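Thanks for making time this morning. I would like to walk through one model with you, going from a few side-chain arrangements to the strands and then to the overall figures.

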Amino acid sequence: MSKPQRTELYFRWSLYSLPLLVLPVTLVAAGARADLSDSIGTVRISLLVALAATLLSLRACRTSLDHYLKRPTDHLRWLAVTGAFAVAGSWAVLLVEPHSDGAAGSHGTAFTFTVVTLLLTSAFGPAAIVLSLPRAALAAVGGFLLVAPAMVLAGYGVPRTAGQLVGILIVLPVLGGTCRSFAWLTAAVWELDAAREAQSRLAVAEERLRFSRDLHDVMGRNLTTIALKSELAVQLARRGREEAADQMAEVQKIAQESQREVRDVIRGYRTADLHAEAIGARAVLRSADVSCEIDLGEDADRLPPAVQSVLGWVIREATTNVLRHSEAARCLIRLRTEDGRAVLELENDGVPAVPFPSQGSGTGLRGLRERLAAHDGELTVPTVEAGVFRMLATVPLPR
């Protein structure tokens, strides 16, 4: 899973933990009853209602979060079902609860109020994700007002029912803010990931524009000159003038010059400078919070230009792999010469347990092997400790 997917999984299950607490808290409250043996029917109904409310609230949380992340979902239906069940379940629990004037009655009253509060909050949490806070609060107050008659009938009385309403109004903003924060953070992570992808695409587009601009600068004037001289040669040839051959000779010369200039542009585009690539890799990795250690040694400047170029390409591709295929915290780039060969070692941590693309199946590594093979070099991926990836690029030095 990618970073945004793992982050969403964490926040999603943090959100799910709120409705998952409904059933355990109901069990604890039932165990605290002094008249448990006399109210076993009420406890059973309360547990069944709590279980159903948990399942409905989980579904409502899922659809509400998906809607907040702008994914297709039927969140309104599940919000309505969850809210209606919370009200109906509260009526059922309150009306089946036996009440008396003794201690058992006071324990029973605390138990039923706990269950009612859990039911209402399980419906309010998902609503706070997709609705504005004033609307969510209004919906919660409306739900409590629908339950209030049942509380009065169950023996709470109007003053105590009003006091319970004030207590719930204090708890709900905290719950709503928590649920909304989980959804907001999840959306923010996905927006940051989309911005990073957009930045990568813009970098590629900018490089393409630079290349096209260079080609335009090289070819634009020459092609215009070729077109004009060709037109002039046609007119002279129709008139039987000998200067037509001279004009075509100039066209041929300009075309050959243009061909040479295009090769120079492409050669400059395809050439990777070793030091420039190392400095660029360090800057890019540090911007991604990856510590990068580079040791090119004293022999880097003595390497032939062709060897420096191909090793520069290795650094460029390795940097891309670190950013795309790992969760690295450190990276090492080391160059040394041994036995008449230049050896470039690249190592990073944060490699996932799944097969790493650069073990041989990645197109980038395949291209590097082809580049190294053109210089009689090779690319190897030795086995190291778990979570670490190491790559060795070796190129023989001319004697």
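The charged end of Arg-371 sits over the ring of Trp-313, 4.0 Å from the ring centre, and Arg-316 lies over the face of that tryptophan too, at 4.2 Å from the centre of the ring. Please keep in mind, as we go on, that this is a predicted model.

Let me turn from charges over rings to pairs of rings, where the count comes to 3 aromatic pairs. The rings of Phe-11 and Phe-182 have their centres 6.1 Å apart and their planes at 40°, and since an angle between 30 and 60 degrees falls in neither the stacked nor the edge-to-face class, the pair is called tilted. Phe-11 belongs to helix α1, residues 3-20, while Phe-182 belongs to helix α7, residues 158-238, so this pair ties together parts that are 171 residues apart in sequence. Phe-11 is buried, because its relative accessible area of 13% is under the 20% cut-off. Ring pairs also bring in Tyr-10, which is linked with Phe-11 and Phe-182 into a cluster.

Also in helix α1, Trp-13 and Tyr-16 form an edge-to-face pair, with 5.0 Å from centre to centre and 85° between the planes. These two residues are 3 apart in the helix, so about one helical turn separates them. Which of the two partners is buried, and which is partly exposed? Tyr-16 is the buried one, with a relative accessible area of 8%, whereas Trp-13, at 48%, is partly exposed.

Now to the strands. Strand β1, residues 291-295, and strand β2, residues 330-338, pair in the parallel sense over 5 bridges, and within this pairing Ser-291 has Arg-330 in β2 as its bridge partner. Between β1 and β2 the chain passes through helix α10, residues 305-325, and the resulting β-α-β crossover is left-handed, a detail that I would ask you to look at for yourselves on the screen. On to the next pairing: β2 is joined to strand β3, residues 341-349, by 8 bridges, and here the strands run antiparallel, with Ile-333 standing opposite Leu-346 in β3.

The hairpin of β2 and β3 has 2 residues between the strands, and Asp-339 takes a positive phi near 55° there. Most residues other than glycine have a negative phi, which is the background for mentioning this backbone angle. Asp-339 counts as exposed, because its relative accessibility of 77% is over the 50% cut-off. Where else does a residue other than glycine have a positive phi? Asp-376 has one, near 60°, and that residue is found in the loop between α11, residues 363-373, and β4, residues 378-380. Asp-376 is exposed as well, with a relative accessible area of 61%.

Let me finish with the figures for the protein as a whole. Its secondary structure comes to 11 helices and 5 strands, and of its 399 residues, 38% are buried. If we take the contacts between residues at least 6 apart in sequence, 70% of them join residues at least 24 apart. The protein exposes about 22,100 Å², of which carbon and sulfur atoms supply 60%.

Notes
Residues are numbered from 1 along each chain as its sequence is written. This is a predicted model: local features need pLDDT of at least 70, side-chain atom pairs count only at pLDDT 80 or more; totals for chains, interfaces and linings use all residues. Side-chain values use heavy atoms; hydrogens and water are left out. Two strands pair if DSSP finds at least two bridges between them. Helices (H or I, at least four residues) and strands (E, at least two) are DSSP runs, numbered from the N terminus. A crossover is right-handed if, with the strands pointing away from the viewer, the path from the first strand over the helix to the second runs clockwise. Rings of Phe, Tyr and Trp (its six-membered ring) pair if their centres lie within 6.5 Å; planes under 30 degrees apart count as stacked, over 60 as edge-to-face and the rest as tilted. Buried means under 20% relative accessible area, exposed over 50%, partly exposed in between (1.4 Å probe, protein chains only). A charge sits over a ring if NZ of Lys or CZ of Arg is within 6 Å of the ring centre and within 35 degrees of the ring normal. Contact means heavy atoms within 4.5 Å. Accessible areas come from the Shrake-Rupley method with a 1.4 Å probe; for residues, only the protein chains shown count as cover.
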